[in-house]
Structures are given as structure tokens and as C-alpha cells.
Amino acid sequence: MEFFHRSPGTPSRLGILPGTFNPVTLAHLALASAAVGHVDEVVWVLPRSLPHKEYTGATFAQRVDMLSTALSGQPRCSIAASAGGLFVEIAEECRAAYGEHVRLTFLCGRDAAERIVNWDYGRPGEFARMLRQFDLLVAARGGEYEPPAGLQAAIRRLPLAAGFEYVSASDVRSRIAHGEPWEHLVPPAIHDRVSKIYCC
């Protein structure tokens, strides 16, 4: 795991927010903010390789720059890159970076939770075994997520402030492509960067 910014201190419970951040949105910030009462630190993880999509739009360096700018002045946030893109791979890298005793909690929306839980990991029950290494806090996105039977103890609801449920990076890009207002969906600090990257 490569850190671009690391919060001081040693968290006992680490929130992990993986994503492509293409671009960073106010929903991402709201998700991290909602987790503050549950974790000591949130590490924003940008995987160098993605299991379910290709890198398009902003370059890796541009995404790191947007994250650094959007999170400036937030002491409980770290920014890092992982070599792998699967949750189990990111968990292993976080464990190596933060120590064996840290509790790992992934932060995600309903859509990501469904993709992760239903992913073909190669053998039955593999995801349930992974949940011995980490748990999930899941925010509503187009509806609440209902965990499969037997996984409810490790997959819990993360209440999100109103107005962010349908905010997404893909919507930002679509609005830009169609000449529609988009500025209200991204942090003001990165408006100029988003305009230069996506508006040409």
C-alpha cells in the first residue's frame, strides 16, 4: 500500500473507502463523514488495478490530486493506493500497513455491496470467510441493502445524510457531457480540476 497522505495516530478501527473517484463527489465525502462515529480513521483507497472496470476519464495521478485537494484539512482521513482491487486484497494491504490488531470496516453503497457479496470468488462460502477479516457499513443507494441470511452481523446499515443517495461520479460525467449543471455534486475545492479534466 502506497500512502499519499497518512493521518497521524494508530486507529483501533479503520474505515476503508475504496473507489475509482472519477471524480470525487459530495456523496463520497458524506459517506466518510457518516462513518466518523464508527471508525477512528478513514483511508480512501484508489486501486491500481480494478476487477470490474477499466480506467477511463481522469488519470490515476489526477484522481490522487482531486482526493488530496478535496480532503485537505481533514485530519482523520488518509489517501492510499492499493495494488489489488478486490476487498480481500485491499484488506490484506491495510492489515500489513496498520497492524494485525486493527479492526477493518469497508464503507460502501448498496450497489457496491451487492456486487461484492455476489462476486464469484471461486468457491462456495468464500465471502462469508472473508467477513472474518473485515465487516461492511453500507449506505443506501437507490434503496437500502438487505444482507443475505447469516451475514447480517458483519454487514450493517450506515445512515447517510439526505440528498446524497443518488449522487454518483457517473452522473457528474454524464451531466458534463450533456452540458447540464454538475457543480453541486462535487466538492467546491475541485471544481476547477473537474472542469479541466472532464469538460474538454
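This is a short dialogue on reading the fold, compactness and cores of a predicted model.

Reader: How many helices and strands does the chain have?

Author: The chain contains seven helices and seven strands. Their order along the sequence is β-β-α-β-α-β-α-β-α-α-β-β-α-α.

Reader: Which value shows how compact the chain is?

Author: The radius of gyration, taken over C-alpha atoms, can be set against a rule for globules. Here the radius of gyration is 16 Å, close to the 16 Å that the rule gives for 200 residues, so the chain is as compact as a globular protein of that length. Along its principal axes, the C-alpha trace spans about 45 × 35 × 30 Å.

Reader: What share of the residues is buried?

Author: Buried means under 20% relative accessible area. In this chain, 48% of the 200 residues count as buried. As for contacts between residues at least 6 apart in sequence, 73% join residues at least 24 apart.

Reader: Which residues touch the most other members of the largest nonpolar core?

Author: A nonpolar core is a set of buried residues of certain kinds, joined through side-chain atoms within 4.5 Å. The largest one here has 36 residues, and Leu17, Val24, Trp44 and Met66 touch the most other members. Elements that each supply at least two residues of this core include helix H1 (26-35), strand E3 (41-47) and helix H7 (191-198).

Reader: What is Met66 in contact with, leaving aside its neighbours within four places in sequence?

Author: Its contacts include Phe21, Pro23 and Val24, and also Ile190, Val194 and Ile197. Apart from the largest core lies another, of 29 residues, among them Leu14, Val43, Ile90 and Ala154.

Key
Residues numbered from 1 in each chain as written. Predicted model: local features only at pLDDT ≥ 70, side-chain atom pairs only at ≥ 80, totals over all residues. Heavy atoms only, no water. Helix = DSSP H or I, 4+ residues; strand = E, 2+ residues; numbered from the N terminus. Rg over C-alpha atoms; globule rule 2.2 N^0.38 Å. Buried < 20%, exposed > 50% of the residue type's maximum accessible area, 1.4 Å probe, protein only. Contact = heavy atoms within 4.5 Å.
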